[in-house]
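Colleague: I've got a new model on my screen and a lot of labels I don't quite follow. Could you walk me through where they come from?
Modeller: Sure, let's put it up and take the labels one by one.

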Amino acid sequence: MTESERRQFLKVVWGHRLYGPTDVRWSDGEVAYVERGGYASETSGAVTVGPDFENAAVACGESMLYGGVRVDGMASTWRTEGDMSSTAYDSVLFHVVGERDRVLFRKGREVRTLILQASSVLERMYEEMLAESSHGSEGCLSFFGRLAGVEQEQIMSRLLADRLRRKRLEVEGIYRSLSGSWDETAYVCYMRSLGMGERKRSYEALARSVPYGCLVRCQGDVQQGEALLLGQSGYLATVGSSGAAIRQLQDIYLTLKEEYGLRRPVVSWGGASVRPSSLPPAQLSSAAAFLVRTPQLGARVREAVLEGVEALRTLFGGVSTDAVPMTGGGQISMERADLRIINFAIPYAAAWGRSTGDVRMQEAALGLYDGVAAEHNRYTRRWGEVCEVERASESQAIVQLCTEYCGRGRCGECPIGVLRLVRCWRGLGSGE
């Protein structure tokens, strides 16, 4: 295991008390009596520095000491990676480590160090979880499949809440970057929902280069909307003079570009090149048709969210699942409409509801997951072997599990991984 992985493993062992009465010792070898391991800090697992656990209680001689806990695989990690001097660590009274490879001092005093001896059985299980498939280890799938229905539902509910929170935070970040305009936020988020993976960024770059107001000013003229999005994407510059319709769009785009003072998007995030020119022109035509005919997009979406799934499908143009994707203002399939609901309407409404304190909107957004059919992808196919995946609430939970936990080696934070370790420890009794 890497040091980061071992740190996460030991945090599970400490936080869930998966150790025997003699498995925690002071640095001098004396057995330590841990009355309370503390509760997980809000900063635990985040980039922000601070204690991993707060309000722990450990006996020291005849006294009981109370304070925060920092957990590391190696004692030296805190010094090399943890910014020991930060005031965020002032509440840390105990440093729990797997190995004390260095004596640490903080503010002129030796750090109280507890050495945690974890079970080798648990450690092997954790290593197996890390080593196996990034879509979930066979052991985790088998374990989850044997859980009682109510336990599965609890885990899926937590994963779904994690998923919605992550997507809601994305929306809130976009809202802040757009100076607090919910209509502009709805527009950018809608465009992002058209793509998967890195293409989301390309759609976002395109949207930011054509303010929503430009499309509203088209006053329902789909051709103008197409010219704006296709022109800004670079598509019209690459097709040459192939046809009168394209030439007409080129002329419209050049006129609107000058009128609105638009600049082509040239954006890069995190070293990854963003290329709007790679976006499918049919998708852009579809988006243009929808957007120019939907003024006050944010308000329309919020109204439809309160009315339910069918209202949203109607808004996004959903028809039977056998329909072909729309181009140039046609209709889209119900499946694609449902993806707009999952990837755009729900997180947007949840963010708006939280920002305005509208509990009804937040509840309505969450409830939509149960009214939409599950997505079909490699994650849902794999986990569908051990559990039912019929609704978006279930498929989104699985996507969260595979992308945010399994795919990132966060077994020590995963509800399934942690429960496996806890059940394994109980099976060991008081120890190995």
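**Where the labels come from**

Modeller: Start with the surface: the accessible surface of the chain is about 20,300 Å², and 47% of that belongs to carbon and sulfur atoms. Keep in mind that this is a predicted model.

Colleague: What does the confidence of the chain come to overall?
Modeller: The mean pLDDT is 90, and 91% of the residues reach 70 or more. The score runs from 0 to 100. Confidence is highest in strand 9 (residues 113–116), at a mean of 98, and lowest in strand 10 (residues 268–269), at 44.

Colleague: And where does the pLDDT drop below 50?
Modeller: Over residues 319–329. In the model this stretch still has 25 contacts beyond near neighbours in sequence. Where pLDDT is low, though, predicted coordinates shouldn't be read in detail.

Colleague: Okay. How many helices and strands does the chain have?
Modeller: There are 19 helices and 13 strands. The C-alpha atoms fill a box of roughly 85 × 50 × 40 Å along the principal axes. The chain has 432 residues, and 49% of them count as buried.

Colleague: Let's test that word, then. Why is R168 called buried?
Modeller: Buried means under 20% relative accessible area. R168 has 11%, so R168 is buried. You'll find R168 in helix 5 (residues 149–177).

Colleague: What does R168 touch?
Modeller: Leaving aside neighbours within four places in sequence, R168 is in contact with P347, A350, A351 and R354. The side chain of R168 also meets the side chain of E172 in a polar contact, at 2.8 Å.

Colleague: What makes that pair a polar contact?
Modeller: The distance cut-off for N or O atoms is 3.5 Å. The R168 and E172 side chains come to 2.8 Å, which is within the cut-off. Here's a helix rule to go with that: an α-helix has 3.6 residues a turn, so residues three or four places apart point the same way.

Colleague: How do you know that D338 is buried?
Modeller: Same reasoning: the limit is under 20%, and D338 is at 6%, so D338 counts as buried. D338 belongs to helix 15 (residues 334–356). The D338 side chain makes a polar contact with the side chain of R313, at 2.7 Å. Besides R313, D338 touches V372 and A373, not counting residues up to four places away.

Colleague: R313 sits in helix 14, right? Why is helix 14 described as largely enclosed?
Modeller: Yes, R313 is one of the buried residues there. Helix 14 (residues 309–316) has eight residues and six of them are buried, so the rest of the structure largely encloses this helix. The buried ones are V309, A311, L312, R313, L315 and F316. Right after helix 14 comes G317, with a positive phi near 90 degrees.

Colleague: What makes L306 partly exposed rather than buried?
Modeller: Partly exposed lies between the 20% and 50% limits. L306 has 35%, so L306 is partly exposed. L306 is in helix 13 (residues 297–307). Beyond its near neighbours in sequence, L306 is in contact with R360, M361 and A364.

Colleague: Which residues have a positive phi without being glycine?
Modeller: D83 is one, with a phi of about 55 degrees. K107 is another, also at about 55 degrees. D83 lies in the loop between helix 2 (76–81) and strand 6 (92–99), while K107 is in the loop between strand 7 (105–106) and strand 8 (109–110).

Colleague: Are those two exposed or partly exposed?
Modeller: One of each. Exposed means over 50%; K107 has 62%, so K107 is exposed. D83 has 43%, so D83 is partly exposed.

Colleague: And why is T87 called exposed?
Modeller: T87 is at 62% relative accessibility, so T87 counts as exposed. T87 is in the loop between helix 2 and strand 6. T87 and V49 are 38 residues apart in sequence and 9.2 Å apart in space, C-alpha to C-alpha.

Notes
Residues numbered from 1 in each chain as written. Predicted model: local features only at pLDDT ≥ 70, side-chain atom pairs only at ≥ 80, totals over all residues. Heavy atoms only, no water. Helix = DSSP H or I, 4+ residues; strand = E, 2+ residues; numbered from the N terminus. Buried < 20%, exposed > 50% of the residue type's maximum accessible area, 1.4 Å probe, protein only. Areas by Shrake-Rupley, 256 points an atom, 1.4 Å probe, with all protein chains shown as cover. Polar contact = N/O pair within 3.5 Å; in protein donor to acceptor, adjacent residues only side chain to side chain. Contact = heavy atoms within 4.5 Å. pLDDT = per-residue confidence, 0-100.
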